[in-house]
Amino acid sequence: MVQFTSALLVALSAIAMHAQGAPLQKRIAQVIADSTAKWEQACLAAGGAEKCNPVSVTAFTTLLAAAGPCEQQDSADAMIDLAKTLNNDADMIKFAQIFAQQPRNTPNSQAVPYCQQAPKNPELNGLFQCQFQGADQQTFVGGLKVGAAGTIPFGHSAPLSPLGSCPANPTGPIADGSQLTDITSDPGLQNVDSSSSSGSSGSSSSDDNAASATTAAVASTTEAAATSTAAAASSTTAAASSGSSSSSFQLQNAKDAQALNAKFATLTADSSCNEGDMACIDSGFAQCVGGKFVNMGCGATLQCFALPLVNKPGTSLACTTADDAAARMAAAGATGGITGSD
């Protein structure tokens, strides 16, 4: 009844706005977890293990409307950084390049401004996000008109043609809510403007050091955001010093994950939260934005769970199946299933 009433009010508001001749604005969103799903699968296949999911989660949250203009590119850099530690895995790099071009959510049906700085990794040179078709390609978030600062991709000197396009989809913007990885497996490097393809900040050692520090900070933030237990702050070296201690923290990780899942079961979209908090709500991945949880969902057959890390203390949030989540708890020696109460 509440949902019906809310839907009715929204519909009536839209009709009223249309009748008055006012522009109808809407939020354009997506299932953001889908944007890095193929990258994460490639990462796991390459041997990235528990390193994959935290980078994936941090990356897809940069598609939220509240994210800064360069956070998506920064995460794509982190995705490539990890790929380079795994024998320069080609699939990971390819999907990171496509992710860098995935449209971001728009809060008001306006185009989203572009990052105005070079990426760390040259593999991302000349890449920028597409826009969703439902967005006003002439007006950017903040009321900026085409030609204003932030409305032209870094390295370009004129507005895009066509507006809303990107190298992976040079014909224009993509359908609202869709994923580039479902449209193409080609990042479109052949479509990169040659004048914008040499701006990587990796050209100098000082920039390399700064970028490495940034990446380390992103990784640190990712680990902190994806880990909600005191065990995560423990010394990995000490925990791995013997087989028995390793088994001990794995069991504790599972118990902490069970406790988180039990807590998540009591939360709703209206639960109070602090900016940046992450949780699993109504089976979907959610992040606190503006004091309220925004549910980004999971894939069609997946649910969000807190899971125990395997090689060091801590937990992470991931979209998986209930059977897989329960199996991970059992493998760590925990009883009671996903919440510890089964």
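Start with the second largest cavity, which has a volume of about 30 Å³. The model is a predicted one, and a search of the whole of it finds 2 cavities of 30 Å³ or more. To see what surrounds the second largest cavity, select Tyr114, Gln137, Phe140, Thr151, Pro159, Leu160, Leu163 and Gly164, the residues that line it. Colour them by type: 5 are nonpolar, 3 are polar and none is charged.

**Helix α2**

Next, select residues 37-45, which form helix α2. Which residues of α2 are buried? They are Trp39, Glu40, Ala42 and Cys43. Turn the view until you look down the axis of α2: the buried residues fall within an arc of 160°, so they line one face of the helix. A rule about helices helps here. An α-helix has 3.6 residues a turn, so residues three or four places apart point the same way.

Now look at the other side of α2, where Gln41 and Ala45 are exposed. Then go back to the buried residues and show what they pack against: α3 (52-61), α4 (71-85) and α5 (90-99). Before leaving this part of the chain, select Gly47, which follows α2 and has a positive phi, near 100°.

**Thr181**

Move on to helix α6, residues 180-183, and pick out Thr181 in it. Is Thr181 buried or exposed? Its relative accessibility is 11%, and the cut-off for buried is under 20%, so Thr181 counts as buried. To see what it touches, show Asp34, Lys38, Phe95 and Ile98; Thr181 is in contact with these once its neighbours within four places in sequence are left aside.

**The largest pocket**

The last stop is the largest pocket, which holds about 640 Å³ of space. Which elements give two or more residues to its lining? They are α2, α3, α6, β7 (303-308) and β8 (315-320). Two of the helices already visited, α2 and α6, are therefore among the elements to keep on display.

How many residues line the largest pocket? There are 30, and to find the centre of the pocket, select Glu40, Leu44, Asn53, Ala318 and Cys319, the lining residues that lie nearest to it. Glu40 has come up before, as one of the buried residues of α2. Finally, colour the whole lining by type: 15 residues are nonpolar, 9 are polar and 6 are charged.

Terms used:
Residues are numbered from 1 along each chain as its sequence is written. This is a predicted model: local features need pLDDT of at least 70, side-chain atom pairs count only at pLDDT 80 or more; totals for chains, interfaces and linings use all residues. Side-chain values use heavy atoms; hydrogens and water are left out. On a 1 Å grid over the protein atoms alone, a cavity is a set of points where a 1.4 Å probe fits but cannot get out, and a pocket is an open set with protein on both sides within 12 Å along at least five of seven lines; lining residues have an atom within 4 Å of a point. Grid points are joined across faces, edges and corners, and a volume is the space filled by probe spheres set on the points. Ala, Val, Leu, Ile, Met, Phe, Trp, Tyr, Cys and Pro count as nonpolar, Asp, Glu, Lys and Arg as charged, and the others, Gly among them, as polar. Buried means under 20% relative accessible area, exposed over 50%, partly exposed in between (1.4 Å probe, protein chains only). Helices (H or I, at least four residues) and strands (E, at least two) are DSSP runs, numbered from the N terminus. The arc is that of the directions from the helix axis to the C-beta atoms. Contact means heavy atoms within 4.5 Å.
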